[in-house]
Amino acid sequence: MIDPFGRRISYLRVSVTDRCDLRCVYCMAEDMAFLPKREVLTLEELDRLCGAFIGLGVEKIRLTGGEPLVRKNVIQLFRSLGARIGAQGENGGLKELTVTTNGTQLAHMAEDLYAAGVRRINVSLDTLDPATFKAMTRWGEIGKTLDGIFAARAAGLAVKINAVALKGVNEGEYDRMLAWCGEHGFDLCLIETMPMGEINEDRTDQYLPLSLVRSRLREHWTLEETDYRTGGPARYYTVRETGRRIGFITPMTHNFCESCNRVRLTCTGTLYMCLGQEDSADFRPLLRDPSVDDAALQAAIRTAIARKPKGHDFIIDRGHNRPSIGRHMSVTGG
Ligand code: SAM
Ligand code: SF4
């Protein structure tokens, strides 16, 4: 699948639920309204749709959410997708299945994920301080996420820690987190906060440019440029002192759209061709219409890809007190 700007689309992110057991301040309002069940695709519908994308050249699938691991029986979807890894199709087939999670369920799910074919996972952990963790997630206990992270490592999963950088909240912690990740064998990825969804907080107070964070880190660490890519938007450096990597995702200070290879599917079957634009395509009616076969489904996917926009234009400033994008990150899948 090649989009109108010559980018090959090989990466599908799938939000399997909009629900979550946490309420991170940058992601959700505390009193979120969630989708009724009938609007959410079944695990079988999600598997079929993912299969159609794989047939068109998608090589990497990341399950996300909401919190993907709180969806009932989600491990079945991991298993059915995992069974597609390495199966050669017309377009090469699925190469990698991965997940982004807050880690709360990993203590009891890590081994099953590994058995299903997952080898690398991203776990969101914005802080190592229990009180800050509680403040940032509103409902979370850090111990549960830490137990999950170590269970994942013990199960053989490579762990990357994702941390959203928030001014004045976890701003003083990145040195410590880099050292901790080095000590335990995890890569770290810092993310700039993006203006998505109403969260009942002022985002101009939260925004911290990572260019500043990077130059501060360089006071204590040697960050060596690398051309390491994971197929995602992060720019990576090797930390000489630890041998691990640190990545920076900077949608606000650096436009990463030129090399965008991905599209995002929501749990209702809506495809967003760009995280930062509203245009979408709805596949649920097709999935629920018995007269629509896989070839017709794939034709609809191609039509949607042909509308992929050139890029996003996120803005956080005092002149815009509405989010740039109305839907929450938990809907589109981070
Ligand atoms: N619940 C899972 C988790 O927290 O990892 C997966 C879904 S979450 C929406 C995916 C990623 O998006 C997380 O790393 C989260 O920190 C990030 N995220 C959520 N809202 C964001 C925002 N407004 N700006 C930047 N990153 C955000
Ligand atoms: Fe839940 Fe992840 Fe959003 Fe936090 S970032 S509220 S864990 S979906």
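Q: Which residue with a positive phi follows α1?
A: In this predicted model, the residue that comes after helix α1 has a phi near 120 degrees, which is a positive value. That residue is G57.

Q: What distance separates the end C-alpha atoms of helix α1, and what span should its 13 residues have?
A: Helix α1 covers residues 43-55, and at 1.5 Å a residue its 13 residues should span 18 Å. The end C-alpha atoms agree with this expectation, because they too are 18 Å apart.

Q: How many of the 13 residues of α1 are buried?
A: Buried here means under 20% relative accessible area, and the residues of α1 that meet this cut-off include L43, L46, L49 and F53, with the charged residues E45 and D47 also among them. Helix α1 is largely enclosed by the rest of the structure, because the number of its residues that are buried is 10 of the 13.

Q: Which residue in β4 is the bridge partner of V99?
A: Strand β3, residues 96-101, is largely enclosed by the rest of the structure, because six of its six residues are buried. V99 points from β3 to the side shared with L97 and T101, whereas E96, T98 and T100 point the other way. Strand β3 pairs in the parallel sense with β4, residues 120-124, over three bridges, and in β4 the partner of V99 is I121.

Q: Which helix does the chain pass through as it crosses from β3 to β4?
A: The β-α-β crossover between these strands is right-handed. The helix on its path spans residues 106-116 and is α3.

Terms used: Residues numbered from 1 in each chain as written. Chains lettered and ligands numbered in written order. Predicted model: local features only at pLDDT ≥ 70, side-chain atom pairs only at ≥ 80, totals over all residues. Heavy atoms only, no water. Helix = DSSP H or I, 4+ residues; strand = E, 2+ residues; numbered from the N terminus. Expected span 1.5 Å × (residues − 1). Buried < 20%, exposed > 50% of the residue type's maximum accessible area, 1.4 Å probe, protein only. Pairing = 2+ DSSP bridges. Right-handed = clockwise from strand over helix to strand, strands pointing away.
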